[in-house]
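Here's a quick walk through the cysteine bridges of one protein chain. Have the model open as you read.

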Amino acid sequence: MRQAYDVASASFLSSVLRLAHVSVPMSFPRMFAGVLAASSIAAIASPEGLRAQASSPQANACSAATLRRAPSSRAQWTRWGGDVHNTRIVANSADALTAADLPKLTLRWSYNLGAIANARSQVAVASGRVFAGSEAGTVAALDLESGCSVWTVQLTQTVRTSLVLDVDGTGAPKTVYFGDVGANLHALDAATGATRWSVHVDDHTAALITGAPQLYRGVLYVGVSSYESLLPLQPTYPCCSFRGSVVAVDATTGKVLWKTYTIDVAAAPTTTSKSGAALQGPSGAAVWSTPSVDEKLDRIYFGTGNNYSEPTTNRSDAIVALDRRTGAVVWSKQFAKADGYNLSCDVPGKYNCPASDGPDHDFGQAPILVTLSNGQRALVVGQKAGVLRALDPDHDGAVLWERTLGPGGRLGGLHWGSASDGRRVYAAYGGQTIDPVADSTAPGGYRLVANSKAGGGLFAVDALNGSVVWSAKPPVCDARPGCSPAQSAAVTVGNGLVFSGALDGHIRAYDANTGRVVWNEDTAVAFTAVNGGAAHGGSLDGGGPVLVGRNVIFGSGYALNGGMAGNVLLVFGVPRGK
């Protein structure tokens with residue numbers, strides 16, 4: 001599970017535990033109480049009251065003339081991985097960003113995402129419209145040229161996933177899809193923001209949707225994850241009962257077509273914890289990335305996380321192939337056996353920790369389906385263990401090669417997403433660590449601070465054999481609190497350029513042939529947003545930069561794990577005529 005040690009929200013976790021019907025004793029270890037930012041879970045799962053309502057008045061509304069204006073470019077980015085294979089590669093085109101454009105890149109506009117600490121949701125773009133979600137519970141359609149607001153809607157749940165678009169034959173957006181912290185999947189009309197449908201895909205109290213849905217042939221494929229791994233911090237919590245799944249949903253109606261669990265059986269009572277809590281299992285194996293589609297075999301592929309409690313199972317920390325039409329498991333390859341872990345493993349006494357105590361080596365990356373130079377197909381995916389692998393999708397996931405790029409760990413390894421053109425795989429290394437620092441003003445007398453010297457680095461790996469073609473050194477942090485050189489965010493590649501954001505707040509472009517940094521922008525600063533209010537950048541994590549035409553679009557701010565908070569969406573581009 002993706003850890004989230006945010007000590008600024010100690011009281012928030014207590015409220016989460018209460019909403020989950022768990023009492024919070026005075027002895028609760030407050031040093032670890034802020035495991036999720038308050039902005040990460042604004043409400044606990046409820047299928048009611050989910051219809052989006054237009055915000056009024058709308059700041060910086062577009063003029064009628066702007067709404068009638070034809071888009072200057074038909075370039076688009078409509079889903080998490082750029083395509084159904086999750087390659088995160090932008091096809092070269094006449095108006096695509098090139099290395100020659102980098103000196104001309106300027107900030108076109110910035111947008112205030114609200115009173116949040118984490119700008120985690122990657123945008124979707126089509127036909128001159130930018131669709132942005134926020135942990136403030138808003139979704140907005142913005143004009144790519146100016147940043148003015150076409151529409152804004154407010155939901156009763158925090159938007160958690162990146163946004164996905166369905167477009168018509170002309171490239172015009174029709175429907176916007178996303179998931180929230182209450183395990184609800186939503187569809188909004190792209191022209192107006194009106195709700196088309198909302199569906200609750202899992203009834204577990206702690207269920208949520210982290211990975212963006214994958215849209216293919218009128219069906220959405222979405223993984224279900226949870227925050228139950230943090231609830232065992234409460235000593236009497238009966239850990240654990242959530243089990244991950246992938247759900248197929250009709251994109252037009254919201255009807256659930258099938259649901260496949262990563263654990264075949266529901267949790268049942270097992271034993272008693274060190275603190276006397278009645279434990280249960282198996283549990284966990286959450287799915288917190290976007291599935292990939294294999295059109296040839298009509299399958300989908302995804303990765304899973306660790307178990308939360310004993311007994312451990314055989315589809316945790318695994319890559320799984322499902323029949324796309326039925327959801328039946330075709331094959332599964334596990335890469336970390338007996339990985340039982342929850343956050344109580346990190347506190348003194350380990351009172352609800354499974355016997356295996358980790359190593360917490362989830363697959364958080366979306367598998368990338370590519371065709372290699374020899375004509376063979378490969379499924380490439382990175383793991384929190386710090387290992388990049390290529391599997392053979394045509395032979396039940398047989399390992400073609402594997403390469404360790406750095407040490408694994410709770411926060412280490414390969415996190416949100418690599419990119420590949422079939423010739424090379426471009427992987428950013430996280431390796432973040434956080435340290436407790438004595439602070440009499442903080443809850444419990446401690447605050448957690450990102451280690452400014454640990455982690456980071458970018459790798460180009462030969463997709464055919466796994467050899468490292470080049471590696472770029474980690475960033476060097478400045479003295480800002482919360483600065484980390486870790487490169488945990490998803491990578492995006494286009495036109496010979498590799499874009500990677502880091503927890504130090506910088507967005508960088510690397511030469512894809514050499515690894516040399518050719519563009520570098522510090523975003524952990526204040527911005528004057530087109531919609532007003534205080535906007536500030538911070539660490540870059542989660543979603544990667546979106547390349548559309550001669551524009552680079554991304555959110556800045558990620559306070560989890562001791563990082564730097566931020567609440568701004570940034571659009572860098574080349575001015576017209578240059």
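What follows is a short report on the disulfides and the burial of their cysteines.

A bit of housekeeping: this is a predicted model, where local features need pLDDT of at least 70, side-chain atom pairs count only at pLDDT 80 or more, and totals for chains, interfaces and linings use all residues. Residues are numbered from 1 along each chain as its sequence is written, and side-chain values use heavy atoms, with hydrogens and water left out.

How many disulfides are there? Taking a disulfide as a pair of cysteine sulfur atoms within 2.5 Å, the count is four. Number the bonded cysteines along the chain and the pairing reads 1-2, 3-4, 5-6, 7-8. Among these bridges are the ones in the table.

| Disulfide | Sulfur to sulfur |
|---|---|
| Cys-239 and Cys-240 | 2.1 Å |
| Cys-345 and Cys-353 | 2.1 Å |
| Cys-477 and Cys-483 | 2.2 Å |

Now for handedness. The link of Cys-239 and Cys-240 has -95° about the S-S bond and is left-handed. For Cys-345 and Cys-353 the torsion is about 95°, so that disulfide is right-handed. The bridge of Cys-477 and Cys-483 is left-handed because its S-S torsion is about -95°.

Are these cysteines buried or exposed? Buried means under 20% relative accessible area, exposed over 50%, and partly exposed in between (1.4 Å probe, protein chains only). Cys-239 is buried at 1%, and Cys-240 is buried at 0%. In the next bridge, Cys-345 is buried at 2%, while Cys-353, at 16%, also counts as buried. Cys-477 is buried with 16%, and its partner Cys-483 is buried with 1%.
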